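Hi everyone, and thanks for making time for this. I'd like to walk you through a structure that may be new to you, so please have a look at it with me.

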Amino acid sequence: MTPFRDARIADACAVPLAAPDDFDGWREQARRLIMAEVPPDRVVWTVPGEGNGDLFADAPGKSRRLPMPSPGAAQPRVSRAFLTLARSAALHSDPHRFALLYRLLWRLQGKPSLLEDGADSDVRRLNDLSRAVRRDIHKMRAFVRFRAVEDEAGREHYVAWFEPSHHILRINAAFFINRFTSMHWSILTPKGSLHWDGEVLHEGPPARREDAPGGDPAEDLWRQYYASIFNPARLKVGAMVKEMPRRYRKNLPEAALITDLIAGAQA
């Protein structure tokens with residue numbers, strides 16, 4: 001079968017996804033569209049909160065009915081490497097990420113070795129999105145700082161505020177559950193929130209910075225510890241700024257010490 005050479009779809013298809021990080025939903029719908037031979041320029045992916053659904057709904061001549069694959073249509077084939085990269089890239093905040101993934105999926109049916117072409121603009125963009133998401137996941141795990149508060153029952157509850165660049169909150173949930181299993185905690189972000197009661201994880205709506213506590217008594221101890229382990233002989237300012245970008249420092253209790261520690265080390 002020659003992949004989709006004669007595909008002709010009169011109207012574009014609006015494909016709604018359940019959430020900004022709905023990779024599984026994208027994968028299911030993309031498989032169906034590929035089997036129905038719908039080319040990328042006839043598909044519009046709509047994502048909650050990204051402002052594309054309502055605009056598309058007002059466009060004349062557009063169809064919301066997804067075409068059905070013909071009987072016996074072949075399943076699309078892709079490598080595990082593509083699925084790994086696509087799953088990461090789908091978490092990026094780029095509003096065109098799902099269109100990029102579908103375009104690559106379409107092209108891979110005719111050129112299975114496409115991912116090996118480092119000069120291809122779509123392949124480069126896929127790798128860039130995936131790399132940025134992986135970095136954001138790492139930064140969240142490194143820079144979340146919990147502050148202790150009391151809940152309504154008088155129990156200790158830990159609350160953290162974080163500002164991710166991409167849609168990484170849910171994919172990081174297992175990491176924090178495994179690391180802080182016995183704690184009751186909440187992670188608040190502008191993209192959503194997570195709440196762990198020691199047994200069940202609950203998802204909540206987006207939050208504001210003022211919803212999180214500004215500090216707790218333990219932070220003085222943490223700053224003392226951070227200052228005590230700072231080694232001026234190993235200071236590399238460039239590497240430090242790269243590993244701890246300034247955008248994260250406003251939420252880190254130890255950040256207030258950095259300028260003085262650097263100055264002291266250089267002296």
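What follows is a short tour of a few residues, a hairpin and some charged pairs.

One thing to keep in mind from the start: this is a predicted model.

Let's begin with helix α4, which covers residues 97–110. Please find Leu105, which sits in this helix. Is Leu105 buried or exposed? Leu105 has a relative accessibility of 6%, so it counts as buried, the cut-off being under 20%. And which residues does Leu105 touch, once we set aside its neighbours within four places in sequence? The contacts are Trp26, Ala30, Ile34, Val78 and Phe82. You can also look across to Leu83: the C-alpha atoms of Leu105 and Leu83 are 9.7 Å apart, with their positions 22 residues apart in sequence.

Staying in α4, move along to Gln109. Gln109 is buried too, at a relative accessible area of 18%. Where does its side chain go? The side chain of Gln109 reaches the backbone nitrogen of Arg77, at 3.0 Å.

Now for the charged residues. As a reminder, side chains of opposite charge can pair when their charged atoms come close. How many salt bridges does the count come to? The count is 12, and I'd like to show you three of them.

The first on my tour is Asp94 with Arg125, at 2.7 Å from N to O. This pair links distant parts of the chain, 31 residues apart: Asp94 is in the loop between α3 and α4, while Arg125 belongs to helix α5, residues 121–143. The two partners sit in different settings, as Asp94 is buried at 13% relative accessible area, whereas Arg125 is partly exposed at 36%.

Next, please look at Arg107 and Asp122, which form a salt bridge with their closest N and O atoms 3.1 Å apart. Why does this pair tie together parts that are 15 residues apart in sequence? Because Arg107 lies in helix α4 and Asp122 in helix α5. Arg107 is partly exposed, with 29% relative accessibility, and Asp122 is buried, with a relative accessible area of 10%.

My third pair takes us to another region. Glu203 and Arg170 meet through their side chains in a salt bridge of 3.5 Å, N to O. Here again distant parts of the chain are linked: Glu203 is in strand β7, Arg170 is in the loop between β4 and α6, and the two are 33 residues apart. Glu203 counts as exposed, at 53% relative accessibility, and Arg170 is partly exposed, at 38%. Before we leave the charges, note that salt bridges with shared partners join Arg103, Arg107, Asp120 and Asp122 into one network.

Since we have just met β7, let's finish there. Strand β6, residues 192–196, pairs with strand β7, residues 201–204, in the antiparallel sense over four bridges. Which residue is the bridge partner of His195 in β7? That partner is His202. Four residues lie between the strands of this hairpin, and in it Gly198 takes a positive phi near 95°.

To recap, we saw Leu105 buried in the model, a set of salt bridges including the one between Asp94 and Arg125, and the antiparallel pair of β6 and β7. Thanks for listening, and do feel free to go back to any of these places in the structure.

Definitions and conventions:
Residues are numbered from 1 along each chain as its sequence is written. This is a predicted model: local features need pLDDT of at least 70, side-chain atom pairs count only at pLDDT 80 or more; totals for chains, interfaces and linings use all residues. Side-chain values use heavy atoms; hydrogens and water are left out. Buried means under 20% relative accessible area, exposed over 50%, partly exposed in between (1.4 Å probe, protein chains only). A polar contact is a pair of N or O atoms within 3.5 Å; within protein, one must be able to donate a hydrogen and the other to accept it, and residues adjacent in sequence count only if both atoms are side-chain atoms. Contact means heavy atoms within 4.5 Å. Two strands pair if DSSP finds at least two bridges between them. A salt bridge is a side-chain nitrogen of Lys or Arg within 4 Å of a carboxyl oxygen of Asp or Glu.
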